[in-house]
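Visitor: I would like a close look at one part of this model. Please start with the overall layout, then go to the detail.

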Amino acid sequence: MLEGIVVLDFSHYLPGPFASWRLAQLGAEVIKIEPPSGDRLRPFAEGRLFAAYNAGKKSVALDLKTEAGREQARRLAARADVVIESFRPGVMARLGLGYDDICRMNEQIIYCSISGFGQQSGRSLLGSHDLNYMALSGLLAQLADESGRPVHPKITLADFIGGMAAAERILAALFARERTGKGAHLDVSLVDGLAAMMAGHFAIEHGGGPKTGLSELSGEVVCYQLYETKDGRYMSLAALEPHFWRQFCEAVGHPEWIGAQWAPARPGEAVYDGLAALFREKTLDEWSAFAETVDACLAPVLETGEAKALFADSRLRHLVRLQPNGAWTAAHGPNGQWGGGAPPKVNEHAHLVKGEE
């Protein structure tokens, strides 16, 4: 889809690289601009995290602290379609690589600036990371235990949602350029992406409703709940529609529960206690097999390795390919391009600065 589109990616860590990885899997040529020491993400997890989101890209190492390095970056930007950067607001302009600088050489450039709080806000120049963005957006408060204590996520949601938002904006700008011939400067804020996810919660709370959004979806009812199994694992039941709930109740031999779909999910309530006891009668594997035969919105809570194996075979679209050199995931479904193969070595594609193929 994006064959012939050249993306120049100056970003580090996860949000920008995740965005350009998604563009690469749509066919774009992504040239990663790294300092001579390499992307700061490279050392983590023995390089596996870097490999997951940078395979299929090209690498050019430039020292942007030198005029020679900046001039080489300008030459690359002059023939690029997209620039992605994630420095603090103002840094690229001070280097002579800001939007205005590149636009003078390349009027059709789509220049995407990714930052925590946007290019111009009261927090623009403050350092923050994923946990801070989730905390400020209200999202982290939604991930709380029974005591109300926020649970520390094991995945950086703001980084990945922000990266998806950046890719979305870039694709829209590319489409607009086809019609108008004009480029654009895109100001993508990581916290904005999370705030957009909270739009429903904000509206409900503003109207006098609960701060936790819809009660039907927040763990307060028996039909939409997590239940512990015999072996200490968990199953997710999400039978919101009456026919799914009916099918579940009939399949487990409790038709008397059909009229109690919205019963409170708390200890001491008869239906909830009955469901909790029911799920403790079988192991996760037994319930998983049951879920494959009964259409009732029931699924196991899988660990990373189990989910990887599921996506690596035909049971769920074969989105992961397991190879000796890594586990490679497709970002856009089984019909999209794959991000497999070794990631680029630092400055592996230095010849691109000279305009060589």
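Visitor: Which domains does the domain assignment give for the protein chain? Then take me to helix α8: which residues of α6 and α9 does α8 meet?

Guide: First, the ground rules. This is a predicted model, in which local features need pLDDT of at least 70 and side-chain atom pairs count only at pLDDT 80 or more, while totals for chains, interfaces and linings use all residues. Residues are numbered from 1 along each chain as its sequence is written, and side-chain values use heavy atoms, with hydrogens and water left out.

Now the layout. Domain 1 takes in 6-197 + 327-353, and domain 2 covers 234-300. These bounds come from an automatic or database domain assignment. The two centres, taken over C-alpha atoms, are 43 Å apart. Along the principal axes, the C-alpha atoms of the chain fill a box of roughly 75 × 50 × 40 Å. The chain has 14 helices and eleven strands. Both are DSSP runs numbered from the N terminus: helices are H or I with at least four residues, strands E with at least two. Of the 357 residues, 43% are buried (under 20% relative accessible area, with exposed over 50% and partly exposed in between; 1.4 Å probe, protein chains only). Contact means heavy atoms within 4.5 Å. Among contacts with a separation of 6 or more, 65% join residues 24 or more positions apart.

Next, α8 itself. Helix α8 spans residues 157-180, and its partner α6 spans residues 130-137. Two packed helices are described by the angle between their axes and the distance between the axes. Axes here are lines fitted to C-alpha atoms, for helices over the stretch in contact, and angles run from 0 to 180 degrees between N-to-C directions. The axes of α6 and α8 come within 7 Å and cross at roughly 85 degrees. The pair is therefore roughly perpendicular. That label covers 65 to 115 degrees; under 35 is roughly parallel, over 145 roughly antiparallel, and the rest oblique. From α6, Asp130, Tyr133 and Met134 meet Leu157, Ala158 and Asp159 of α8. By class, this contact has four nonpolar, no polar and two charged residues. Ala, Val, Leu, Ile, Met, Phe, Trp, Tyr, Cys and Pro count as nonpolar; Asp, Glu, Lys and Arg as charged; the others, Gly among them, as polar.

The second partner is α9, residues 190-197. The axes of α8 and α9 come within 8 Å and cross at roughly 90 degrees. α8 and α9 are therefore roughly perpendicular too. Here α8 brings Leu157, Ala158, Asp159, Ile161 and Gly162, while α9 brings Leu190, Gly193, Leu194 and Met197. The classes are six nonpolar, two polar and one charged. Leu157, Ala158 and Asp159 thus appear in the contacts with α6 and with α9.

Two other helices give points of reference. Ser288 sits in α13 (residues 284-293). Ser288 is buried, at 18% relative accessibility. Beyond four places in sequence, Ser288 touches Met235 and Pro300. Leu310 belongs to α14 (residues 304-311). Leu310 is buried, with a relative accessible area of 18%. Outside its neighbours within four places, Leu310 contacts Leu302, Arg315 and Leu316.

Last, a backbone detail. Most residues other than glycine have a negative phi. Ala45 has a positive phi near 50 degrees, in the loop between β2 (29-34) and α2 (48-54). His318 has a positive phi of about 50 degrees, in the loop between α14 and β10 (320-323). His318 is partly exposed, at 36% relative accessible area.
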